[in-house]
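Please read these points with the model open beside you, and look up each residue as it is named. The note is written for someone new to reading structures.

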Amino acid sequence: MRERSTIGIMLNEDANHFAYSRTAEEMTPEGVDALVDGYADGTQVSDLLFNVNAMRSSVASSVKQAFWDGFDPDAGDDQPFFAHLSAADIKTIRHWVGNLLLLHQRTIDPYARWLARSRKHGVRGWISIRMNDIHWVEEPGRLMHDRLWREHPEYWRERAREFETSIDRAIDYAHPEVRANYLAYIHECVARYDMDGIELDFMRQPFNFRAGHEEQGAALMTSLVRECRELVRGRATTLGRPLRLAVRVPSKPDTARRLGLDTVTWARERLVDHVTICPIFGTTSFDMPVELWKQLLAGTGVTLAAGLECNVMPFPGATSRFHTSETVYGAVASLLDRGAGRTYLFNFMDRSYAST
């Protein structure tokens, strides 16, 4: 087992990438373990963060619907699960969701195995929870949507107008039912898994309150983070070792605060142990204010990481292309030189779609 690095690469593994990119023959304990082997062997990866959800859960849950809920692998493509999808989408989704269902039917919990395998490699293993995923919200009938979102449009962030943008249909944490749902799911994951830490991913997406109500929502979100801290503290006592709480937040402190994510207060109140800063979905910032974050977090003991998305895009909707080795090295060199403790990679996948 290699020694764990205090300065290394943190890599986020998407909730559906494994099932999407592997064949059905790889839905085995050995196939699951191989994912971690590939990321850990001979690399500088110090932390693997395994994302367990979008709106739905990639593993069976008593709180959220699983991705395969409603899918009949023996039925044809005309089943309600595939309503309104193109033939190409149906083929892809049948493959992906079918693989998740196979793991479930074979009683293989990939997250339990990945965490154990990470520990064998001397890599820290985390569970990462997306706090407000909005994939495909422009199509309410899509299978990605959990019943909480689908059955309660009154919980959507913007309800007074017709659909204009995906962030209008993010979930609104001003509703106690929304906060209770996510806390219950976090509690389920904390109790289920033997991990080194749990991450609250507020960058999928950071729009958690109605427009103009974000600063009033900050106290509600701080209260939620405080409850998560208590869950983590209790689980650490059970495990007999430290358990860390991380957050992924916008790249600028003032942006985070104005969106109701009072990250500096969380750090100063010792509610979080680790903060990852990053720009909005799909974009890359080569000039994140690491020095300012370091100043604001001084004395808190919080580890600061700087995050990169896989795309080089200055703002959402601009022309996009994937990072090259040169652009990644350039960004990382700058961010580490400015004081970031670690580099965090998001959507840097090891494989693309595996056709059957």
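The points below take up a helix, some salt bridges, the pockets and the cavities.

1. Before anything else, please keep in mind that this is a predicted model.

2. A good place to begin is helix α7, which runs over residues 214-239 and has 26 residues. From its first C-alpha to its last the helix reaches 36 Å, which is close to the 38 Å expected at 1.5 Å a residue. Directly after α7 comes Gly 240, whose phi is positive, near 75 degrees.

3. Which residues of α7 are buried? They are Glu 214, Gly 217, Ala 218, Met 221, Thr 222, Leu 224, Val 225, Cys 228, Arg 229, Val 232, Arg 235 and Ala 236. The elements that cover these buried residues include the helices α6 (176-192), α8 (253-258) and α9 (263-268), together with the strands β4 (197-201) and β5 (244-250).

4. Turning to charged side chains, it helps to recall that those of opposite charge can pair when their charged atoms come close. In this model the count of salt bridges comes to 30, and the pairs described next are among them.

5. Asp 14 and Arg 130 form a salt bridge through their side chains, at 2.9 Å from N to O. This pair links distant parts of the chain, since Asp 14 sits in the loop between β1 (9-13) and α1 (17-21) while Arg 130 belongs to strand β3 (residues 124-130), 116 residues apart. Asp 14 has a relative accessible area of 16% and is therefore buried, the cut-off being under 20%. Arg 130, at 3% relative accessibility, counts as buried too.

6. A second pair to find is Glu 215 with Arg 258, whose side chains meet in a salt bridge at 3.9 Å, N to O. Because Glu 215 lies in helix α7 and Arg 258 in helix α8, the pair ties together parts that are 43 residues apart in sequence. Are these two residues buried, partly exposed or exposed? Glu 215 counts as partly exposed at 43% relative accessibility, and Arg 258 is partly exposed with a relative accessible area of 46%.

7. In a third pair, the side chains of Arg 338 and Asp 287 meet in a salt bridge at 2.7 Å, N to O. Arg 338 lies in the loop between α11 (325-337) and β10 (342-346), and Asp 287 in the loop between β6 (274-278) and α10 (290-297), so this salt bridge ties together parts that are 51 residues apart in sequence. Asp 287 counts as exposed, at 54% relative accessibility. Salt bridges can also join into a network, as they do for Asp 33, Asp 37, Arg 113 and Arg 117.

8. Next come the open spaces, of which the largest pocket holds about 780 Å³. It is lined by 29 residues, and the closest to its centre are Asp 14, Tyr 20, His 135, Asn 347 and Met 349. Helix α3 (87-105) gives the most to this lining, with 4 residues. By class, the lining of the largest pocket divides into 12 nonpolar, 10 polar and 7 charged residues.

9. The second largest pocket has a volume of about 430 Å³. Among the 18 residues that line this pocket, the closest to its centre are Ile 9, Gln 44, Val 328, Tyr 329 and Leu 345. Two or more lining residues come from each of β1, α2 (29-40), α11 and β10, and the largest share, 5 residues, comes from α11. Here the lining divides into 11 nonpolar, 6 polar and 1 charged.

10. How many cavities of 30 Å³ or more does the model have? The count comes to 2. The largest cavity, with a volume of about 70 Å³, is lined by residues including Met 55, Lys 64, Asp 146, Trp 149 and Tyr 182, and by class its lining has 5 nonpolar, 1 polar and 3 charged residues.

11. The second largest cavity contains about 40 Å³ of space, and its lining includes Phe 18, Ser 58, Leu 100, Pro 110 and Trp 114. Helix α4 (110-121) gives the most to this lining, with 3 residues. The lining of the second largest cavity has 8 nonpolar residues, 1 polar residue and no charged residues.

Definitions and conventions. Residues are numbered from 1 along each chain as its sequence is written. This is a predicted model: local features need pLDDT of at least 70, side-chain atom pairs count only at pLDDT 80 or more; totals for chains, interfaces and linings use all residues. Side-chain values use heavy atoms; hydrogens and water are left out. The expected span of a helix is 1.5 Å times one less than its number of residues. Buried means under 20% relative accessible area, exposed over 50%, partly exposed in between (1.4 Å probe, protein chains only). Contact means heavy atoms within 4.5 Å. A salt bridge is a side-chain nitrogen of Lys or Arg within 4 Å of a carboxyl oxygen of Asp or Glu. On a 1 Å grid over the protein atoms alone, a cavity is a set of points where a 1.4 Å probe fits but cannot get out, and a pocket is an open set with protein on both sides within 12 Å along at least five of seven lines; lining residues have an atom within 4 Å of a point. Grid points are joined across faces, edges and corners, and a volume is the space filled by probe spheres set on the points. Ala, Val, Leu, Ile, Met, Phe, Trp, Tyr, Cys and Pro count as nonpolar, Asp, Glu, Lys and Arg as charged, and the others, Gly among them, as polar.
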